[in-house]
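Let's take a friendly walk through a protein model together. Have a look at the sequence and the structure below, and then we will visit some places in turn.

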Amino acid sequence: MFPPFPEKDALECCAQMLDEIHEGSLSIEHEGQISLERTNPAVMIGALVCRDADGKRVSIRTVSGNSRFLKSTKNVDGIFYAPAIVSSEQIRMALSENDGEIHALTEKICALEKDGGADSKMRASELSKKRTVLTTDSLKKFHALYYFHSLTGKKFSLREICDRKKIALPPTGVGECCAPKLLDFAAKNGLSPISMAEIVYDPNKNDAQKNLESVPPCDPRCSIILPDMLGLEILYRDESIVVINKESGLLSIPGKIEKDCASSRLKKLFPNCIEQPCVHRLDMETSGILVMALTKDAHRNLSMQFQNGETSKEYEALVDGVLPKIGIRDEGEMELFFRVDLDNRPHQIWDEVYGKKAVTRWRTMDVESYTAPDGGRRFVTRVKFFPQTGRTHQLRLAAADAHGFSVPIIGDTLYGKCMPGERLMLHATKLTFTHPDTNQKMTFNSPAPF
């Protein structure tokens, strides 16, 4: 994951923690029994610098792992310690129901495998399947304990997040890294983050570690929960721009009724951001890469790039039919003319006289089987779109309109149909632009989540 906040100030807090640890005023205590298999004593320690409701600067400290937490003999004003999301006692209670039987099965399996006979191997295999059922049940009970507070004011369960992302069982340790502990504490206490950093602390190193390097939040675990905790999945961030992977169902800018959007969430994370950071938009139902500006100069520069066609965009879609069977070429370019339907906003309608020209290149990727939310299966076509212009609903119309494919994108609530539990199968997979400050070409990729 890309570090979601600037790291400099928090890294200085981490250096201060190391100094206190080595002088003995700060210690890492162990809650519960430490695994005898653990040979590496290194842990992650992290800091989050925030402002409270009165604008006062405060810092939060924590350490990775459910059984470890920081405790200081110094009572310093403005320093808080974030506890584990779930305590060791809660975990012990959740796992205790099956623990005895799991250990007994393990002993029997080991004995049977040691015997080595064919019957013993068969019996060991049967017991292993039974043990897997029990361990899976224990893991589900363990994961059910985890709830995370979001900086957007919401609260999510780990199960809810995993169900939405179609993750059957999340990796062990989700929620026990520093970043989720820090952000959860900040969200629960109404603190606004400024800077966050995590570093590796190895107690075997006697001298305070110099030239500290911050370690970004981990991909295997933190990438599952941090986007929900932050309200945005941040792919890149610096002092001028932020690139996000927008989720389907989230507006790019505030609507007439719905104010929650990518723009408002960005301003909550970065209070010094300009009033309107969006320089281009994705439809609410479309997911994928969106670049936003934090400064006026960056906004002006990026806006001109989009207006002048100096950016490059790619999208991926599932269209509801087999394009080769209806005579659609494998690749090509189309020019369509649309304007808003004044009697049925926001629908766009064909108008060769008054409509704006929308130019789209496409390339079919594959014909594949699609399983609908109701279990029904049908063949669909995966298509790459390369829009040459930036018109409203351009790609949805390129697929659905009679002047285009005449085959809508799956889940299109405006120009097709969307079943309960279905989403618009359109994702912005690639964006290339020139950085407004460095003048360097930047390309970002995001695989389609469908």
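## A tour of the chain

We begin with M1, which sits in the segment before helix 1 (8-23). Keep in mind that what you see is a predicted model. Which residues does M1 touch, once those up to four places away in sequence are not counted? They are P216, P217, C218, D219, C222, S223, L226 and P227. Take C218 as one of these: along the chain, M1 and C218 are 217 residues apart, but their C-alpha atoms are separated by 6.1 Å.

Now step back to the whole protein chain. The chain has 450 residues, and 48% of them are buried. Its secondary structure comes to nine helices and 18 strands. Measured out along the principal axes, the C-alpha trace spans about 75 × 65 × 35 Å. Of the contacts with a separation of 6 or more, 66% are between residues 24 or more positions apart.

### Two residues in loops

G190 and H347 give us two loop residues to look at. G190 is found between helix 5 (178-188) and strand 8 (192-201). Is G190 buried, partly exposed or exposed? Its relative accessible area is 48%, so G190 is partly exposed. Leaving aside neighbours within four places in sequence, G190 is in contact with R51 and A53. As for I257, which is 67 residues from G190 along the chain, the C-alpha atoms of the two are separated by 25 Å.

H347 belongs to the loop between strand 13 and strand 14 (348-350). Why does H347 count as buried? Its relative accessible area is 18%, and buried means under 20%. With neighbours within four places in sequence left aside, the contacts of H347 are R339, V340, D341, L414 and Y415.

### Helix 8 and its two sides

Helix 8 covers residues 296-307, which makes twelve residues. At 1.5 Å a residue, helix 8 should span 16 Å, and its end C-alpha atoms are indeed 16 Å apart, so the two values agree. Which residues of helix 8 are buried? The buried ones are A298, L302, S303, Q305 and F306. Seen down the helix axis, these buried residues fall within an arc of 160°, so they line one face of helix 8. The face turned away from that buried side carries K296, D297 and Q307, which are exposed.

What covers the buried residues of helix 8? The cover includes strand 10 (241-246), strand 11 (287-293), strand 12 (312-319) and strand 17 (426-434). After helix 8 comes G309, whose phi is positive, near 70°.

### Open and closed spaces

Helix 8 also appears in our next stop, the largest pocket. This pocket holds about 1,800 Å³ of space. Its lining has 47 residues, and the closest to its centre are R281, D283, R391, T392 and H393. Two or more lining residues come from each of helix 8, strand 12, strand 13 (331-340), strand 15 (356-371), strand 16 (377-387) and helix 9 (394-400). Which element gives the most to this lining? Helix 9 does, with four residues.

There are also two cavities of 30 Å³ or more. The largest cavity is lined by P3, P4, E7, M196, A197, E198, S214, V215, P216 and P217. P216 and P217 may look familiar, as M1 touches both of them.

The second largest cavity has H280, I289, K313, Y315, A428, K430 and L431 in its lining. Strand 12 and strand 17 each supply at least two of these residues, and strand 17 gives the most, with three residues.

The table sets out the three spaces.

| Space | Volume | Lining residues by class |
|---|---|---|
| Largest pocket | about 1,800 Å³ | 19 nonpolar, 17 polar, eleven charged |
| Largest cavity | about 40 Å³ | seven nonpolar, one polar, two charged |
| Second largest cavity | about 30 Å³ | four nonpolar, one polar, two charged |

To end, go back to strand 12 and strand 17 in the structure. Both are included in what covers the buried residues of helix 8, and each supplies residues to the lining of the second largest cavity.

Conventions: Residues numbered from 1 in each chain as written. Predicted model: local features only at pLDDT ≥ 70, side-chain atom pairs only at ≥ 80, totals over all residues. Heavy atoms only, no water. Expected span 1.5 Å × (residues − 1). Buried < 20%, exposed > 50% of the residue type's maximum accessible area, 1.4 Å probe, protein only. Arc of directions from axis to C-beta. Contact = heavy atoms within 4.5 Å. 1 Å grid on protein atoms, 1.4 Å probe; cavity = no way out; pocket = protein on both sides within 12 Å on 5 of 7 lines; lining within 4 Å. Points joined across faces, edges and corners; volume = space filled by probe spheres on them. Nonpolar A, V, L, I, M, F, W, Y, C, P; charged D, E, K, R; others polar.
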